[in-house]
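Work through the following exercises with the model open beside the text. Each task is followed by a solution in steps.

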Amino acid sequence: MTEIDLLVVGSGAAGFSAALAASHAGLSVLMVEKEPLFGGTTAYSAGVIWIPANRHGRALGIPDSKEDALAYLQAEAGNRLNLELANAFLDNCNPAVEFIESHTHARYEAVPVWADYHPTRPGAAQGGRSLLPLPFDGRRLGKRFAQLRAPIRTMMAFGGMMLGRNDLPHVFRMTRSVKSAMHVAGMTVRYGVDRLGHARGTRLTNGNALIAALALSAEERGIELWLESPVVELAQTGSAVTGAVVSRNGQRQEIRARRGVVLACGGFPGDDALKQRYYGHVKAGQAHRSAPPPSNRGDGIRLGQQAGGVLAEDVAYAAAWVPVSLVPQPDGSTLPFPHFYERGKPGYIAVDPDGRRFTNESASYHDFVPAMVEACRGRPETMSWLLCDHRAIRRYGMGAIGPAPLPLGPHLRNGYLLSAASWPELAKKIGVDAGVLQDTIARFNAPAARGEDPDFGKGTDAYHRFNGDPTHKPNPCLAPLETGPFYAMKMIPGDIGTFLGLRTDGHARVLDAQGRPIGGLYAAGNDMTSVMGGTYPGAGITIGPALTFGYIAARHAAGLSA
Ligand SMILES: Cc1cc2nc3c(=O)[nH]c(=O)nc-3n(C[C@H](O)[C@H](O)[C@H](O)COP(=O)(O)OP(=O)(O)OC[C@H]3O[C@@H](n4cnc5c(N)ncnc54)[C@H](O)[C@@H]3O)c2cc1C
């Protein structure tokens with residue numbers, strides 16, 4: 001029997017935040033992780049956090065307030081917004097991030113032009129709320145680096161080099177700017193040197209940088225992290241949770257946790273039965289591909305339910321949607337590539353299986369997928385084609401394909417990318433009516449050249465334009481598709497994590513069917529139902545709350561909040 005104060009289950013953003021805050025509050029902490037690698041979905045992510053009225057934005061002179069943020073959340077989630085959770089989040093997100101930045105190695109910066117996803121709604125910010133993690137040198141983790149979950153392979157250059165948000169403009173300009181060429185050359189040389197001694201690059205960005213920084217800080221504080229040690233059962237005395245059983249080295253090991261257990265297992269994107277129940281298009285028999293690690297199988301949710309917890313099912317959507325393309329792998333399998341941004345760049349449109357546009361391509365990924373589902377309602381397959389011309393693909397790439405000078409040939413040969421010299425020829429390859437596709441292109445091209453999209457308004461608000469190319473005029477999101485050859489890539493619905501989870505209160509305590517807190521049981525991250533009510537207000541709306549509610553849970557367990 002191992003005895004500690006707080007047991008933290010899972011090693012993503014929520015788990016590390018809870019463990020570090022608890023340790024700094026004087027509690028003894030044990031973290032357990034089911035997988036041989038730590039970091040969970042967070043290590044796959046961009047690591048961006050949505051933190052209204054944060055000090056980085058303030059330092060740049062960006063005005064913001066809790067009141068504006070609350071008005072925006074109300075405009076987004078309507079009566080699905082749980083005010084107790086929303087207030088807990090908004091009151092604690094800044095203290096949580098300030099704790100992280102002052103007591104761990106993780107650092108963030110504001111992005112002044114990263115607008116909220118519906119920037120014309122009341123209270124929305126035109127920038128500054130979404131914070132980006134600074135790069136981190138993976139070599140500082142020593143031997144532990146090999147145990148840090150690597151990003152999705154399709155999202156790394158050369159199969160192992162990470163690119164951060166701030167690197168991307170350089171990648172897009174590398175053939176047109178000496179400064180950008182030098183930046184990319186510098187990263188590539190570092191990557192080449194890294195590969196002499198490591199399985200992948202050690203210049204970490206995004207969620208990998210965040211997790212590496214938190215893991216180093218946890219190690220320095222002596223917080224133990226057991227890998228390959230899933231919690232299989234919670235221990236209860238009466239209704240209160242007093243510990244758990246962990247399966248370790250093939251043995252059941254009992255853990256007594258005097259102050260409780262934090263469930264931070266990352267929701268259920270890897271659980272087919274729960275997806276069948278809660279994802280409408282999956283229930284209707286449509287294909288879907290989740291981007292998070294398949295091992296996030298809803299363990300935390302089931303453990304919470306077994307202890308008397310209930311799910312908060314009143315969400316707009318059960319998951320955070322993203323369109324994905326499937327990248328063929330040498331062994332015949334495929335890996336998902338989440339299409340976050342390039343849809344918004346000039347020279348791209350998306351069409352339904354008939355060859356007609358159906359939505360604003362520069363809108364958020366969470367909005368794009370329901371539009372695709374709607375456009376395909378009643379058809380045998382839910383999918384869309386992303387189309388672009390040669391100039392666009394060489395400048396910005398497409399899906400997992402990088403811009404020039406990276407080659408297109410391998411992707412054309414394995415069928416990931418389809419190409420033709422003319423639109424009628426491409427129409428034939430993708431199985432749509434040539435006349436319909438030509439009409440679609442003609443209808444889009446003429447106004448696009450003037451910077452207008454009368455049908456869907458691509459490039460009309462600050463978030464769309466953030467996804468565009470700021471150097472492209474007159475509209476950063478619009479250019480006619482006119483320079484052949486032309487290209488097509490298939491996208492289907494996917495997700496980057498689940499929103500639906502355990503019902504909790506403002507202290508991150510799991511609630512039972514009567515709305516009473518279950519003693520000693522907390523949930524944070526995607527194991528708790530999203531404070532956003534199943535909507536997606538802006539970049540970082542899952543990891544921001546994950547860090548915050550992990551922090552809240554730890555402080556409550558330590559007796560630092562009532
Ligand atoms: C490509 C991509 C980009 C993204 N970018 C962003 C972004 O920039 N900002 C943002 O807010 N969101 C982003 N997301 C979503 C975000 O990554 C997740 O919502 C978030 O990381 C979930 O954090 P978590 O701590 O709840 O879970 P996770 O990070 O998934 O961690 C959960 C951990 O618990 C472990 N676990 C599961 N069951 C058990 C068990 N029984 N016992 C012990 N351990 C267990 C898992 O193995 C896992 O390691 C992105 C997602 C993807 C896929």
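A polar contact is a pair of N or O atoms within 3.5 Å. The model used throughout is predicted.

**Exercise 1. The ligand**

Task: Find which backbone atoms lie at polar-contact distance from the ligand, and describe the shell around the ligand.

Solution:

Step 1. Start with Ala13, where a polar backbone atom is 3.3 Å from an oxygen atom of the ligand. The distance can be set against the cut-off of 3.5 Å.

Step 2. Go on to Val48: one of its backbone N or O atoms lies 2.9 Å from a ligand nitrogen atom. For Ile543, a backbone N or O atom is 2.7 Å from an oxygen atom of the ligand.

Step 3. Turn to coverage. On its own the ligand has 1,000 Å² of accessible area, and the protein covers 98% of that.

Step 4. Assign the shell to elements. Two or more residues come from each of α1 (13-24) and α2 (40-44). The largest share is that of α2, with 4 residues.

Step 5. List the shell. It holds 36 residues, with Glu33, Thr41, Thr42, Thr542 and Ile543 the closest. Sorted by class, 17 are nonpolar, 15 polar and 4 charged.

**Exercise 2. Two helices**

Task: Determine how α5 and α18 are oriented to each other and what kind of residues make up their contact.

Solution:

Step 1. Take the axes of α5 (residues 83-103) and α18 (residues 543-557): they come within 8 Å and cross at roughly 85°.

Step 2. Angles from 65 to 115 degrees count as roughly perpendicular. The two helices, α5 and α18, are therefore roughly perpendicular to each other.

Step 3. Identify the residues that meet. The α5 side includes Leu85, Phe89, Phe99 and Ile100, and the α18 side includes Leu547, Phe549, Tyr551 and Ile552.

Step 4. Classify the contact: 13 residues are nonpolar, 3 are polar and none is charged.

**Exercise 3. Backbone exceptions**

Task: Locate the cis peptide bonds at Pro405 and Pro485, and the positive phi values at Ala53 and Asn206.

Solution:

Step 1. Recall the background: most residues other than glycine have a negative phi, and most peptide bonds are trans.

Step 2. Ala404 and Pro405 are joined by a cis bond with omega about 10°. Pro405 sits in the loop between α13 (390-396) and α14 (409-413).

Step 3. From Gly484 to Pro485 the bond is also cis, with omega near -5°. The loop between α17 (462-467) and β18 (486-498) contains Pro485.

Step 4. Ala53 has a positive phi, near 55°, and belongs to the loop between β3 (49-50) and α3 (55-59).

Step 5. Asn206 has a positive phi near 55°, but lies in helix α8 (residues 206-220).

Conventions
Residues are numbered from 1 along each chain as its sequence is written. This is a predicted model: local features need pLDDT of at least 70, side-chain atom pairs count only at pLDDT 80 or more; totals for chains, interfaces and linings use all residues. Side-chain values use heavy atoms; hydrogens and water are left out. A residue is near a molecule or strand if one of its heavy atoms lies within 4 Å of it. A polar contact is a pair of N or O atoms within 3.5 Å; within protein, one must be able to donate a hydrogen and the other to accept it, and residues adjacent in sequence count only if both atoms are side-chain atoms. Accessible areas come from the Shrake-Rupley method with a 1.4 Å probe; for residues, only the protein chains shown count as cover. Ala, Val, Leu, Ile, Met, Phe, Trp, Tyr, Cys and Pro count as nonpolar, Asp, Glu, Lys and Arg as charged, and the others, Gly among them, as polar. Axes are lines fitted to C-alpha atoms, for helices over the stretch in contact, and angles run from 0 to 180 degrees between N-to-C directions. Angles under 35 degrees count as roughly parallel, over 145 as roughly antiparallel, 65 to 115 as roughly perpendicular and the rest as oblique. Contact means heavy atoms within 4.5 Å.
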